[in-house]
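Me: I am new to reading protein structures. Could you take a close look at a single part with me, the nonpolar core and the helices around it?

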Amino acid sequence: MKKLATFATIAVGLVGLTACSNGDPEVVVETEQGDITQEEFYEELKSTSGSDVLYTMVYSKVLEDRYEIEESEVDHQIDELKAQFGEQFDMFLQQYGYQDEDDYRDDLRLNLLEVEAMIEEIEITDEEIEAYYESVSRELEARHILVEDEELADDLHEQLMNDADFATLAEEHSTDPGSAAEGGSLGYFTEGDMVEPFEEAAFNLEIDEISAPVQSEFGWHIIQVTDSREADMEPLDEVRPRIRRELALDQIDEQTTIEKRQQLLDEANVDVKIEEFESIFEAAPMPDEMDMLP
């Protein structure tokens, strides 16, 4: 997950290395067994990760020059992660190799810039944005019983139709470890939170109505909606850019991403002065570390 900032940080650190030595400015490390010169270090860096460093630095400059991201969008992404991970947020950063929140913020900003590049030519209408906003403005509270085979699901459904207690059957039979002990309760969710077959069935149920068995990749669900309410949403005008980005990203595939990256670099007229790296911008995909945000 560590992407843009890693290589840029390595390269920037190299620039300042000559100031770290009190002796010969060409020496970057002194030991009793011998010194390491700036040139030796530079050559080693070039041979091990030089192409990735150079590619990332150039591509980052192109993105920063052509696109803009409001700092509030970066803040929003980070706030969502903090809400998700809570006290484990710092552990999340460390797990993916970030020194601190600022380090992660740099990567995130550049990845959001890349997203803007990928979706700039995709048209999303106001009607599509408003329809999406409306769809996620409704929250359902539901419970379910999840089992592996259809025969058992049919049997449990029949019991429920004959006034069996839903929570009791969920505790006894459901294979969903996260909800079985709670009588099958899933809490509140909006469209996009659940797998499609489950979601389609749930959002077509009335309050307290019980569905027929519904198959998903996880097995067979019997669903009961217990409440419906308006979600606590930010005003549409504030989230419109976010919704547009999400809807547009659904239309981006890997090939489109590679082609767009190459187009941006071609238009930048990159002229590499280091002989061994002259060809790295010729129809080359980005390094794996430059994965775009989900």
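Reply: Here is a walk through the core, then a helix pair, then one more helix. Keep in mind that this is a predicted model.

Let's start in the middle. The largest nonpolar core has 39 residues, and the members that touch the most others are Tyr-59, Leu-63, Tyr-104, Ile-119, Ile-243 and Leu-264. Several helices supply at least two residues each, among them H2 (38-66), H5 (101-119), H6 (126-135) and H10 (236-249). H5 gives the most, with 9 residues. As a general rule, nonpolar side chains in soluble globular proteins tend to be buried together.

Now pick out Ile-119. Leaving aside residues up to four places away in sequence, Ile-119 touches Arg-244, Arg-245, Ala-248, Leu-249 and Ile-252.

Next, look at how H2 and H5 meet. Their axes come within 9 Å and cross at roughly 65 degrees. Angles of 65 to 115 degrees count as roughly perpendicular, and H2 and H5 are therefore roughly perpendicular to each other. The crossing of H2 past H5 is left-handed. On the H2 side, the residues in contact are Tyr-59, Ser-60, Leu-63 and Glu-64; on the H5 side they are Leu-110, Leu-113, Glu-114, Ala-117 and Met-118.

Finally, turn to H6, where Ile-129, Tyr-133 and Ser-135 are buried. These three lie on the same side of H6, because they cover an arc of only 160 degrees around the axis. The buried residues of H6 pack against strand E3 (138-147) and H10. Facing away from that buried side, you will find Glu-127 and Glu-134, which are exposed.

Definitions and conventions
Residues numbered from 1 in each chain as written. Predicted model: local features only at pLDDT ≥ 70, side-chain atom pairs only at ≥ 80, totals over all residues. Heavy atoms only, no water. Core = buried A, V, L, I, M, F, W, Y, C linked by side-chain atoms within 4.5 Å. Buried < 20%, exposed > 50% of the residue type's maximum accessible area, 1.4 Å probe, protein only. Helix = DSSP H or I, 4+ residues; strand = E, 2+ residues; numbered from the N terminus. Contact = heavy atoms within 4.5 Å. Arc of directions from axis to C-beta. Axes fitted to C-alpha atoms, helices over the stretch in contact; angles between N-to-C directions. Parallel < 35°, antiparallel > 145°, perpendicular 65-115°, else oblique. Left-handed = near helix turned anticlockwise from the far one by under 90°.
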